[in-house]
Amino acid sequence: MAKRKNTLTRFFEDIVDDTKDFVDDLLDRAKDLETHTKDAITDVVDDDDDENSTSAADVASLKASLASLQAKVDELTALQAKSSKS
């Protein structure tokens, strides 16, 4: 096992290298945070009101279709009950 010589210049070199790595990591994380924040704000701001109004119309249409289907199911159930009694 080779032993590394620890000189004063090597000590300062290690401190500078570690500090540089630390600052690089901080800057990378700050960039990621900035990007994610911009994306989140854009998502919130870009909500279209038009989608909500068409959505309400779609819900009303679905409710009408569901009511129609329920009426048909009730009619078929009544016919089945009538034919099973006969």
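Me: With which residue does arginine 10 form a salt bridge, and how far apart are the closest N and O atoms?
Reply: A salt bridge is counted when a side-chain nitrogen of Lys or Arg is within 4 Å of a carboxyl oxygen of Asp or Glu. Here the partner of arginine 10 is glutamate 13, and the closest N and O atoms are 3.8 Å apart. This is a predicted model, in which local features need pLDDT of at least 70 and side-chain atom pairs pLDDT 80 or more, while totals for chains, interfaces and linings use all residues. Residues are numbered from 1 along each chain as its sequence is written, and side-chain values use heavy atoms, leaving out hydrogens and water.

Me: How many helices and strands does the protein have?
Reply: Helices (H or I, at least four residues) and strands (E, at least two) are DSSP runs, numbered from the N terminus. The protein has two helices and zero strands. Helix H1 covers residues 8-45. Arginine 10 and glutamate 13 are three residues apart in helix H1, so about one helical turn separates them.

Me: Are arginine 10 and glutamate 13 buried or exposed?
Reply: Buried means under 20% relative accessible area, exposed over 50%, and partly exposed in between (1.4 Å probe, protein chains only). Arginine 10 is partly exposed at 35%, and glutamate 13 is partly exposed at 40%. Of the 86 residues of the protein, 0% count as buried.

Me: How many salt bridges are there by this rule?
Reply: The count is three. One of them joins the side chains of aspartate 24 and lysine 20, at 3.0 Å from N to O. These two residues lie four apart in helix H1, about one turn. Aspartate 24 is partly exposed, at 31%. Glutamate 34 also forms a salt bridge, with lysine 38, at 3.7 Å between the closest N and O atoms. About one helical turn separates this pair, because glutamate 34 and lysine 38 are four residues apart in helix H1. Glutamate 34 is partly exposed at 46%, whereas lysine 38 counts as exposed at 51%.

Me: Which residues form a nonpolar patch on the surface?
Reply: Patches are made of residues with over 30% relative accessible area and no salt bridge; like charges are joined within 9 Å, and nonpolar side chains (Val, Leu, Ile, Met, Phe, Trp, Tyr) within 5 Å. In this model Leu8, Phe11, Phe12 and Ile15 form the patch, with about 420 Å² of accessible area together. Such areas come from the Shrake-Rupley method with a 1.4 Å probe; for residues, only the protein chains shown count as cover. Phenylalanine 11 is in helix H1 and counts as partly exposed, at 49%.

Me: What area does the protein expose?
Reply: The protein exposes about 8300 Å², and carbon and sulfur atoms supply 59% of it.
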